[in-house]
Structure formats: structure tokens, C-alpha cells
Amino acid sequence: MVEREIVEKGYAHPEKLVTTEWVAGHLEDTGNVRIVESDEDVLLYEVGHIPNAVKIDWVEELNDPLVRDYISAERFAELMSEKGITPETKVIFYGDKNNWWATYALWVFELFGHTNTAVMDGGRQKWEAEGRPMTKEVPSFGRTEYPVPERDDSGIRAFKAEVEGVLGRVGEGVSLVDVRSPGEYRGELLHMPDYPQEGALRGGHIPGAANVPWARAVREDGTFKSAEELREIYEGEAGLSAGDEQVIAYCRIGERSSHTWFVLKYLLGYDNVKNYDGSWTEWGNAVRAPIER
């Protein structure tokens, strides 16, 4: 059952969000639900986490250790088995900093076809602000035998060649949305403010891309803005449309843009939106890649 608090915000797919209250009521439903914490700060889980939540480390567990890509289907199946997850398990993601790495982990799960997923609206910030229980105890669940899935990147992931192929059609049924900070978009920074300025040889943005910083989608308490508010930002200001033939979001390495991908796909109902996870570390380092400032 979708909660009234979520439904009232007018989302296209309200089932992709749950409240902190819902999570609090399902802490012991470990046979059907797995709560997953995924943070930018990979040590935060050890400081304290939601009871019966497991940790997904985006560095060590989701990314291939050698090739810039995600883990193999075989490794994903093993990871799910280790976490006690089956293909039928409803996986609820939450994390720090407006759930940006939580949505990234969800996006990777969906590359492997595990779409029975949702995000806890408000993330760690809201859970802690409400004084809900935290623990340092790491739960142990019985091992499952998750079948090796068939990974399909084509529906929700864009590669550089695809972005290059649509450059001449931006504004004509194709939209690019750069979700980085205005300073990165203008080429003044190569990383987010207050972070080491590394990762690309050139600054700027992909020609024709609109700039909508990813965190504009959330309120001060970490919860997502209503569908009406989101449409005003992405459609009223940036000119995107749910009817676009293709919408591609990008940032620096794909984590902030996975948050925007989640907003556009599930909260606003965009059918044809992809995350270009190569993002600026690929584009800004590519020889002769066109750049605007």
C-alpha cells in the first residue's frame, strides 16, 4: 500500500518512495524487505545505522576493481546472496546527503533487473532528525542463492557514443541535463565546491545541456519536493518534457545524475531518461570532445 504522505505529492510512481514511518514499521520484516544504506561517506554506516540495515559500499562492492564499469552479473548475484536478498526481496535504499548515493545504488540494482526497489524519503537526515533508533550492530541474514541476472544497460544507461549521436538534436526532442554545480557547468570548477579540483583536463559542459543542480529536487529536511514543484524546475525552467524522445542526465562520475534520473523517471514519469555515468570525467578528458562554457 502506497502511503498517503507520498501519494499527496503527486508522483507518477509513488511506490518508489517510502516514508521513515514505513521503514520503522518494517524493521523486523526481514523475510520480505531488505533495508540498504549506501553513503558517500563509506564509514558512516559503522558510526550508526538503521536496525537490520545492511551496507552497500559503492566503491568496493558496486564497481569493478580494474575496468571503469560495474561489477559482473556473477558478482552481483554473489553480493545479493551474501546480503540475504532474493529476486523477490523489496530493497529500500537510504543514505547521507539527500540520498544521492542511495539513488546511485538503486540505479545499479536496476541495471541488473532488480526493480523491486524504493528510496526512504529524507534519508539518514530525516531518520536521525526524528530521533529514530540507530545501532552499530551489523545484522546477519541467512545466505540466499540469487540467480545470475542478465544485465541490460540499454534502457537506463547512456554511453559517450550515444551522447555524441544526439548532439545535433538537442532541443528537438532530445534534452541533456547537467546536474552539477553552476561553477562546474561554467567551467570554473572541475569538481563540486569544497572538494579537490581533479578528474578532468577541461571544464565546461556538453553543448546544449541545461543546468539543474541535482539537490534542487529536495527540501531542507532531505525529502523530495512535490511533483508540481519538480515540474516547475525541470520543465518550466530547464525546458525538459516527459514527451521527449530522449533525456540524458550527467554530472562528474554519474552519482549526482542518478539522483536526477530517479526524479525524472519515477517521480515525474519520464519514460525515456538515461544516466550518462561516464559524465564529465570522461567527456572532459576526451580528445576533441565538444565543450561549451
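These exercises, each with a worked solution, read the fold of a predicted model.

Residues are numbered from 1 along each chain as its sequence is written. In this predicted model local features need pLDDT of at least 70, side-chain atom pairs count only at pLDDT 80 or more, and totals for chains, interfaces and linings use all residues, while side-chain values use heavy atoms, with hydrogens and water left out.

**Exercise 1. The whole chain**

Task: Find how many helices and strands the chain has, and state its overall dimensions.

Solution:
- Start with the secondary structure. The chain has eleven helices and nine strands. These are DSSP runs numbered from the N terminus: helices are H or I with at least four residues, strands are E with at least two.
- Turn to compactness. The radius of gyration is 19 Å, close to the 19 Å from the globule rule for 293 residues, so the chain is as compact as a globular protein of that length. The radius is taken over C-alpha atoms, and the rule is 2.2 Å times the number of residues to the power 0.38.
- Add the extents. The C-alpha trace spans about 50 × 45 × 35 Å along its principal axes.
- Check burial. Of the 293 residues, 56% are buried. Buried means under 20% relative accessible area, exposed over 50%, and partly exposed in between (1.4 Å probe, protein chains only).
- Look at contacts, meaning heavy atoms within 4.5 Å. Among those with a separation of 6 or more, 75% join residues 24 or more positions apart.

**Exercise 2. The five-stranded sheet**

Task: Give the strand order of the sheet that holds E1 to E5, and place helix H5 against the sheet.

Solution:
- Read the order. It is E1-E5-E4-E2-E3, an open sheet with parallel pairing. Two strands pair if DSSP finds at least two bridges between them.
- Find the edges. Strand E1 (17-18) and strand E3 (53-55) each pair on one side only.
- Take one pair. E2 (residues 33-37) and E3 run parallel and are joined by three bridges. Glu37 stands opposite Lys55 in E3.
- Place the helix. H5 (residues 100-111) packs on the sheet and touches strand E4 (90-94) and strand E5 (117-120). Its direction makes about 150 degrees with that of E4. Axes here are lines fitted to C-alpha atoms, for helices over the stretch in contact, with angles from 0 to 180 degrees between N-to-C directions.
- Inspect the loop between E4 and H5. Lys97 lies there. Its phi is near 50 degrees, a positive value in a residue other than glycine. Lys97 is partly exposed, at 43% relative accessible area.

**Exercise 3. The four-stranded sheet**

Task: Give the order of the sheet that holds E6 to E9, and describe how H10 lies across its strands.

Solution:
- The order is E7-E6-E8-E9, again an open sheet with parallel pairing.
- Strand E7 (210-211) and strand E9 (273-276) are the edges, each pairing on one side only.
- Four bridges join E8 (residues 246-250) to E9. Val247 stands opposite Val273 in E9.
- H10 lies across strand E6 (174-178), E8 and E9, and runs at about 180 degrees to E9.

**Exercise 4. Thr260 and helix H9**

Task: Decide whether Thr260 is buried or exposed, and then work out which residues of H9 are buried.

Solution:
- Locate Thr260. It is found in helix H10 (residues 255-267).
- Read its accessibility. At 0% relative accessibility, Thr260 counts as buried.
- List its partners. Beyond neighbours within four places in sequence, Thr260 contacts Val177, Val179, Trp214, Tyr234 and Ala249.
- Move to H9 (residues 227-237). Ala227, Leu230, Ile233 and Tyr234 are buried there. They cover an arc of only 130 degrees around the axis, which puts them on the same side of H9. The arc is that of the directions from the helix axis to the C-beta atoms.
- Identify cover. H10 is included in what covers the buried residues of H9.
- Turn the helix over. Glu228 and Gly236 are exposed on the other side of H9.
- Step past the end. Gly239, just after H9, takes a positive phi of about 80 degrees.

**Exercise 5. Arg151**

Task: Place Arg151 and list its contacts.

Solution:
- Arg151 is in the loop between helix H6 (123-129) and helix H7 (160-166).
- Arg151 is partly exposed, with a relative accessible area of 24%.
- Neighbours within four places in sequence aside, Arg151 contacts Asp69, Tyr70, Ile71, Leu111, Phe112 and Arg157.
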